[in-house]
Amino acid sequence: MYNETASPVFRRQKKAKRAISLALLAAAVVFSVWYVKFDPVEFLSGIPIFITFIFADFLPPNLTNLKSYTGPVLDTLVFAVVGTFISSALGLVTAFLMARNTSPHPAVRIILRGIVSFVRNVPFLVWASLLVVIFGVGTMPGLFALLVFGTCFLARVYAESIEELDKDATEALEASGASHVQIIKHAIIPQFMPAYFSWTLFMFEINIRSSAILGLVGAGGIGSNLKQSMDLFQYGRASMIIVILIVLILAVEFLTQKIRERIL
Amino acid sequence: MQQETSFQAYPSSKLEKTGKPSGKKIRVGHRKTQLQNRLFFAAAAVLFLVCVSFLDLSWEQFTNGLSSIPNIASKVMTISFDALPDLTDGMLTSIIIAFLTVVISVVLSILLAFLIAENITPVKWAGRVLRYILLVIRTVPTTIWVLLAVASMGFGSMAGVLGLIFPTSSYLIKSFAAQIEESGDETIEAMRAVGASWLQIVFKGLLPGLLLPFLAIVSFRFEMEVAETVMLGMVGAGGIGVLLQDYISYYEFADLALGIIIVFVTIFAVELISNRVRSRLARR
């Protein structure tokens, strides 16, 4: 539309560029399909099978014996609360050691950054199932997985928000001769509070979701009930658990939204 | 606690009389904010204590676990490169699953996003119903979608793609629609005024300008998708996760170490590339 005035050479170049990128994309798709032996026909016929599977085998949810779900649901909530708490405390300390403007020493900062980015970039279920090997099946590895992952995630986002803070307050305090600790207490923490609340609440939402899937590798919570009922082909029960999960996640999101509106 | 003593508690006359600082601290914080913060932390602390008392963690399990760490760590340290071909193959498969999912989802989402965006939707109520359906789809964790797909199609990368398509398209549709709502109003109004049809508005008016922002969203989602596919392998959807799960359950920690390093490097690289793509798109 805008190229009407542009020179024809430029237009031709742009067209060629677009053609090349489309061709590359097509080549990548073809290569991928060949590499994983992806059969489009089988895939397409799989979609109706999947949908009938969901509607015929899966729904309706099994409404009997509702009491048996309360334990796992409470477990999941407790996991998320405890995980969020401890990881927000640990993450806060790490973040202050890690952020450029509060770090005591550059070496500390670089080492912590390395560790945090390593843990964060390896998916969470990998850590969870490694912890299952270390601590055995049960709630403990699940909680620790949430802790390890949550701490690293929060340390990164906290550190980023600390680095983004206004420098004016810090400089003013520095000029009036405040110590390092005083600067952190009076200039950085008050400014950082809104970001802290908001990220911690977000972490709580993430933790609810994660503690729901932790059970799939044997780390407790409602996920283990889901896995169990899937393995036993009790699809009615499984779909009930999924429905409970949806309600739980939506309720938590609604709640954190309300808290956010009140606090911020 | 010194902050509790408020400045008003000391009448100015007293200060004038003595003429020197009283030694008490002047209250700095905003009172209502402080109160709110205290309330928040108090409520949180109570909740925390209740939850901790609810959890029954056994100390024995903890110490046993801790004592097994050095043993496992030493095994992890003897990193072996025997499994390198398998692992690269697995990693490539994971990336391909992510790539195919994103390609298919983008096609689906571009079509559906225009049905959902408030300012261009042809049927208002249908758009709204679809929105709620998508919300429910997005709420179910990705891993559970894949678990369902595996249950219906059997193990393999195809089940992975099928399972991932649902949350991925749902996310993309929502972000695309938000983008359309944010930037499309003027174009839509101008084109409506000259009598363009719905198809003309979408394909001639909106799409050309939206391609770059859409590309930024897609590159971000691809980054998430790669991390997601690694996990999905662990519930049986093909890719490197299957290998990692095997190594963990057969205690082959030397191979596992290499696997984790490969995963880390790949995800890190994907993140770097996608960041660069996005910053280049933003500069245009």
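## Close-up views of a predicted two-chain model

**View 1. Helix α8 of chain A lines the second largest pocket.** Helix α8, covering residues 180-214 of chain A, gives the most to the lining of the second largest pocket, with eight residues. Please keep in mind throughout that this is a predicted model. The volume of this second largest pocket comes to about 1800 Å³. Which residues lie closest to the centre of the second largest pocket? They are F153(A), F202(A), I206(A), M224(B) and E228(B), out of 43 residues that line it. Sorted by class, the lining of the second largest pocket holds 22 nonpolar, 14 charged and seven polar residues.

**View 2. A cavity in the model is lined by residues of chain B.** How many cavities of 30 Å³ or more does the structure hold? There is one, and the largest cavity encloses about 40 Å³ of space. Around the largest cavity sit I116(B), E118(B), T121(B), K124(B), G127(B), R128(B) and R131(B). Helix α5 of chain B, residues 124-139, supplies the largest share of this lining, four residues. By class, the lining of the largest cavity counts four charged, two polar and one nonpolar residue.

**View 3. Chain A is assigned two domains.** The domain assignment of chain A gives domain 1 at residues 2-58 and domain 2 at residues 66-263. If you would like a distance to check in your viewer, the C-alpha centres of domain 1 and domain 2 of chain A are 36 Å apart. An unreviewed UniProt entry lists "domain: ABC transmembrane type-1" at residues 73-256 of chain A. Residues 73-256 of chain A are 85% helix and 0% strand, with 18 Å between the end C-alpha atoms.

**View 4. Transmembrane regions are listed for chain A.** The unreviewed UniProt entry places the feature "transmembrane region" at residues 19-36, 77-98, 206-226 and 238-256 of chain A. Start with residues 19-36 of chain A: this span is 94% helix and 0% strand, and its end C-alpha atoms are 26 Å apart. Then turn to residues 77-98 of chain A, where the span is 100% helix and 0% strand. The end C-alpha atoms of residues 77-98 of chain A lie 30 Å apart.

**View 5. Chain B also has listed features in UniProt.** For residues 91-274 of chain B, an unreviewed UniProt entry gives "domain: ABC transmembrane type-1". How much of residues 91-274 of chain B is helix, and how much strand? The span is 86% helix and 0% strand, and its end C-alpha atoms lie 18 Å apart. The unreviewed entry also lists "transmembrane region" at several spans of chain B, among them 129-155 and 198-218. Residues 129-155 of chain B are 85% helix and 0% strand, with end C-alpha atoms 33 Å apart. For residues 198-218 of chain B, the helix content is 100% and the strand content 0%, and 25 Å separates the end C-alpha atoms.

**View 6. Confidence varies along chain B.** The average pLDDT of chain B is 79, and 89% of the residues score at least 70. Where does the pLDDT of chain B fall below 50? It does so over residues 1-19 of chain B, a stretch that has 13 contacts in the model beyond near neighbours in sequence.

Note on methods: Residues numbered from 1 in each chain as written. Chains lettered and ligands numbered in written order. Predicted model: local features only at pLDDT ≥ 70, side-chain atom pairs only at ≥ 80, totals over all residues. Heavy atoms only, no water. pLDDT = per-residue confidence, 0-100. Contact = heavy atoms within 4.5 Å. Domains from an automatic or database assignment. 1 Å grid on protein atoms, 1.4 Å probe; cavity = no way out; pocket = protein on both sides within 12 Å on 5 of 7 lines; lining within 4 Å. Points joined across faces, edges and corners; volume = space filled by probe spheres on them. Helix = DSSP H or I, 4+ residues; strand = E, 2+ residues; numbered from the N terminus. Nonpolar A, V, L, I, M, F, W, Y, C, P; charged D, E, K, R; others polar. UniProt positions renumbered as here; feature names shortened; annotations may be inferred.
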